[in-house]
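Biologist: Before I plan anything at the bench, I would like to go through this model with you, one question at a time. Could you take me through the parts that lie around the DNA, and then through the rest?

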Number of protein chains: 2
Amino acid sequence: MSNNQFKRGELYSVINGMASTAVARRLQKNFRQAGLEITIEQWSVLYHLWKEDCLSQQELCNRTFRDKPSITRLIDNLEKQKLVRRMASKSDRRINLVCLTESARELQERTIDLANQTMNEALLGISREEIDTVKQVLQKVYDNLV
Amino acid sequence: MSNNQFKRGELYSVINGMASTAVARRLQKNFRQAGLEITIEQWSVLYHLWKEDCLSQQELCNRTFRDKPSITRLIDNLEKQKLVRRMASKSDRRINLVCLTESARELQERTIDLANQTMNEALLGISREEIDTVKQVLQKVYDNLV
DNA sequence: TTTGAATAGTTGCATAGCTAACTATATGTC
DNA sequence: GACATATAGTTAGCTATGCAACTATTCAAA
């Protein structure tokens, strides 16, 4: 095994472990401390619905990079907490449209600052150019494999 | 919510979802296709033991960015598959040293090519400088939060 | 119009993640 | 030496992930 190859292994390790779990854990911790009983995964689904409401479950799969069973159960849990509702699509009876409730919109207000504060901390001392490079590289990695 | 802040949200989304899950899924798929019944999480523990054998569980927590219960159960499962053994430390009876078995060393030979091939595919068209930038940025993100 | 393929979603099963609470051992201070 | 504190590891309970197999609906081609 060449040195170069092990260095690529390290990159894998870094991508997969350090930064993403650190950001997720910090945000989750901030939610908990604010008394918000929501998981980071549930928040990430709501995040996409706040940008565009009433998406199909399949569309949520695409946007959150999760598979269908994961989204099914995340929506189950969000429905239990009355944060979303499944609505039958008129045009295609196979489709569930996932729509926000009023509570979810209130939750958006309460999580904006926490999320921004967490990202500000996470990105401290990192330049716009560096961020752009990271986004481009991770997009390339994704496109290379999917 | 300013435009700039939502762009930071996108970065979070990218770090957390796309690239890391794409790499993990591809590697897992390659293992399965090669008839290797090992999860990507188990492999990541072995990866650190191949670099340095007989680490304590706590040290494996540090190196894999997992918490203690997660490592406990990963080691449980690796022990069931007879890939590692827990050995009591002579100097500190609180400590379990996790040591590789002969089967695990054979497994290393069989997974090297798969891992390298996956990383080659993942990193196609990405320069050394870009990789270095990504590593530095993700390290900074980690240091900012932990 | 029927049949077969594709798509949307659910369920069962196994693994993994995090928190909190727990046991056992080690260490430092009086 | 005794006691408080810290550290290593385990267990329980919940949530989440991924795959495979399943149902229901849509669509297109014979």
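Biologist: Which element gives the largest share of the surface near DNA strand C?

Modeller: This is a predicted model, and in it the elements that each supply at least two residues of that surface are helix 1 (3-33), helix 3 (57-64) and helix 4 (68-80) of chain A, together with helix 2 (40-51) and helix 4 (68-80) of chain B. Among the 26 residues around DNA strand C, those that come nearest are A:Q57, A:Q58, B:T39, B:R66 and B:N77. The largest share, five residues, comes from helix 4 of chain B.

Biologist: How many charged residues does the surface near DNA strand C have?

Modeller: Of the strand C atoms within 4 Å of the protein, 61% belong to sugar or phosphate, and the rest belong to bases. Sorted by class, the residues of this surface include four nonpolar and nine polar ones, and the number of charged residues is 13.

Biologist: Which residue has a side-chain N or O atom 2.6 Å from a phosphate oxygen of DNA strand C?

Modeller: Contacts to phosphate and to base should be kept apart here. For A:R25, a polar side-chain atom lies 2.8 Å from a phosphate oxygen of DNA strand C, whereas for B:R73 the partner is a base nitrogen of that strand, at 3.4 Å. The phosphate oxygen at 2.6 Å is the partner of A:Q57.

Biologist: Turning to DNA strand D, which element gives the most to the surface near it?

Modeller: Around DNA strand D there are 26 residues, of which A:T39, A:R66, A:N77, B:Q57 and B:Q58 are the closest. At least two residues each are supplied by helix 2 (40-51) and helix 4 of chain A, and by helix 1 (3-33), helix 3 (57-64) and helix 4 of chain B. With five residues, the element that gives the most is helix 4 of chain A.

Biologist: Which residue places a polar side-chain atom 2.8 Å from a base nitrogen of DNA strand D?

Modeller: The side chain of A:T39 has an N or O atom 2.5 Å from a phosphate oxygen of DNA strand D, so to speak on the backbone side of the question, and A:R94 has a polar side-chain atom 3.4 Å from a base oxygen of that strand. The base nitrogen at 2.8 Å belongs to the contact made by B:R73.

Biologist: Which element gives the largest share of the lining of the second largest pocket?

Modeller: The second largest pocket has a volume of about 230 Å³. Its lining has 12 residues, and the closest to its centre are A:T21, A:A22, A:R25, B:L145 and B:V146. Two or more residues come from each of helix 1 of chain A and helix 6 (128-145) of chain B. By class the lining has six nonpolar, two polar and four charged residues, and its largest share, eight residues, comes from helix 1 of chain A.

Biologist: Why is one side of strand 1 and of strand 2 of chain A left without a neighbour in the sheet?

Modeller: The sheet in chain A is open, with three antiparallel strands in the order 1-3-2. Because strand 1 (55-56) and strand 2 (84-88) stand at its edges, one side of each is left free of a neighbour, and each has a single partner strand.

Biologist: Which residue stands opposite A:R86?

Modeller: Strand 2 of chain A pairs with strand 3 (residues 96-100) of chain A in the antiparallel sense, over five bridges. Opposite A:R86, in strand 3 of chain A, stands A:V98.

Terms used: Residues are numbered from 1 along each chain as its sequence is written. Chains are lettered from A and ligands numbered from 1 in the order in which they are written. This is a predicted model: local features need pLDDT of at least 70, side-chain atom pairs count only at pLDDT 80 or more; totals for chains, interfaces and linings use all residues. Side-chain values use heavy atoms; hydrogens and water are left out. A residue is near a molecule or strand if one of its heavy atoms lies within 4 Å of it. A polar contact is a pair of N or O atoms within 3.5 Å; within protein, one must be able to donate a hydrogen and the other to accept it, and residues adjacent in sequence count only if both atoms are side-chain atoms. Helices (H or I, at least four residues) and strands (E, at least two) are DSSP runs, numbered from the N terminus. Ala, Val, Leu, Ile, Met, Phe, Trp, Tyr, Cys and Pro count as nonpolar, Asp, Glu, Lys and Arg as charged, and the others, Gly among them, as polar. On a 1 Å grid over the protein atoms alone, a cavity is a set of points where a 1.4 Å probe fits but cannot get out, and a pocket is an open set with protein on both sides within 12 Å along at least five of seven lines; lining residues have an atom within 4 Å of a point. Grid points are joined across faces, edges and corners, and a volume is the space filled by probe spheres set on the points. Two strands pair if DSSP finds at least two bridges between them.
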